[in-house]
Amino acid sequence: MAAPRYIPPYRIISLSSIFMYVVLTVSWAVFSGPTGYISLASAAFFGIGIYISAILGQVFFLPVVIFLGGLISFLFAFLVGLSTLRLRGMYFSIFTFGLSELIRHCVQWWEVNIAGTVGRWVIGIDHTTVYYGMLVIVLMTLTMAYLIKQSKFGLALQSIGESEEAADHIGIQVNILKVITFAFSAFFMGACGALMATRWTYIDPSVAFNPLFSFMPVLMAIFGGIGKIYGQVLGAIIFTYLADILLTKFPYYYMLLYGIILVIVIMFLPKGIAEGLGKAIKRWQKGEDGKGLQHLG
Amino acid sequence: MLKVSEINTFYGKLKVLWGVSLGISENEIVALVGANGAGKSTMLNTISGLVHRDSGHMEFLGRRIDGMAPYKIVGLGISQVPEGGNPFPDMTVHENLEMGAYIPEAWRRKEETLDQVYEIFPLLKRRAPQLARTLSGGERQMLAIGRGLMSRPKLCMFDEPSYGLAPLLVREFFSAIKSLRERSITILLIEQNIQHALEIADRAYVLESGRIVLEGKSYELLQNDYIRRAYLGI
């Protein structure tokens, strides 16, 4: 993982996209997993990062651009959170989705009418740098997810998901906790967008704010298992890899095949493949025990 | 300890509480009784800051609490055991209790408090690793009371603790609630079941359509003609 020198370039590129989806999925799940507020605004935060990179890429040093991409996404998510987190369930999801689309159209309008362009060039950076940068962001995202999960705030977020009223009763500052966690998850999406933009070199609003970036993290987390960080990571890795294979092998049917695989997983492993794996390991251990007992008998 | 005066509360345009005043002294057990829809739960939620009072004044241990955020009120030492328990179903019993100690002052001493709660309800200790959704109705109520105690309250408010429990269990719970007095916890109890409530409370207020219509010592109220006719059916 740490030695891309010996890996062919296309592998490095595909590893970087796997990292990107790991970041999007895990940071999405930090907020939406325990609270059950299914956000479909990932594309908005990711896209903001991409545009920050396109606008400020020439002005600042890369790490600064990445940080700013995260920071502005954070601030934006904070404002969105303040105004929308009173919405619950389906309404929240639809609102966040609408918001993401609204931003796309606003940026489009701005570019055409005010900036006078459609797309923008982003200064390209070599694949190895992108790879290492993504690796750092992945590690930071995982660390944050782990720390939140371990702390009392992780449990508090889960209590909000299970009964917001009871969470209020025991003295959890429900709204503030929700807004801040939402903003933190947006930070990593924005940072990730700012870095990934350098790989695409040319971007326009429909690339940067592609709704797929909102849907994929949700699907990947469900696929892997929302409740466990390793499940989310596994989901992101397998799904991205699968997409690569399906896209090259079945360019016309790949979305269809994708859908079928997802349906099968949800039907047989409602808690994701992490659960399936956990069960398999347990069964295996039991099997070993069984053998041991037979020996004794 | 708690002084509530002239509280008016609305749900939108609907006025639910009409100038309600009540007071609780330290180490007292006070019941707030009344029929369904009289405004009892609204009164509790107003005290704990979950529902905003429209006008009126509330004071706890000499500090004004009307208009204060719920988490600050919990921090001052008021905790509420909600109706039906309302546990977090997909969290374990242990995690549910831990969450009760969420506020910083309680979090620091949560292991100690946890031992005390297990002492009051030993059954919870045996159920600790179980998910709350697998508990029976009575166990859920125990869990809710335990969670309410985890914040180390000075005043604990119970919303219909007898709700949905078998009569035998109700007696058990009420004696458990009564025993909290020995741990210097003051109690405000909401009940539809007036007979039970008056048996353990020192004093009671009778709430009807959002107004206090009667108040007094429990044994006096048990003798009161109006109460006997309207609530006890004697």
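Which residue of E10(B) is the bridge partner of Val206(B)? In this predicted model, Val206(B) has Leu214(B) as its bridge partner. The briefing below places that pair within its sheet in chain B, and then turns to the contact between chains A and B.

**The sheet of chain B**

- Six strands of chain B form an open sheet with mixed pairing, in the order E6-E7-E8-E3-E9-E10.
- Its edges are strand E6 (78-81) and strand E10 (211-217) of chain B, each of which pairs on one side only.
- On average, neighbouring strands of this sheet are turned by 15° against each other, direction ignored.

**Pairing of E9 and E10**

- Strand E9 of chain B covers residues 203-208 and pairs with E10(B) in the antiparallel sense.
- Six bridges make up this pairing, and Val206(B) is joined to Leu214(B) by a bridge.

**A helix across the sheet**

- Helix H7 of chain B, residues 137-149, lies across E6 and strand E7 (155-159) of that chain.
- The helix runs at about 170° to E6(B), which is one of the edge strands.

**The contact between chains A and B**

- Chain A contributes 15 residues to the contact, and chain B contributes 22 residues.
- On the side of chain A that touches chain B, helix H6 (152-162) and helix H7 (164-169) of chain A each supply at least two residues.
- H6(A) provides the largest share of that side, namely six residues.
- By class, the side of chain A that touches chain B comprises five nonpolar, six polar and four charged residues.

Key:
Residues numbered from 1 in each chain as written. Chains lettered and ligands numbered in written order. Predicted model: local features only at pLDDT ≥ 70, side-chain atom pairs only at ≥ 80, totals over all residues. Pairing = 2+ DSSP bridges. Helix = DSSP H or I, 4+ residues; strand = E, 2+ residues; numbered from the N terminus. Axes fitted to C-alpha atoms, helices over the stretch in contact; angles between N-to-C directions. Contact = placed C-beta atoms within 7 Å. Nonpolar A, V, L, I, M, F, W, Y, C, P; charged D, E, K, R; others polar.
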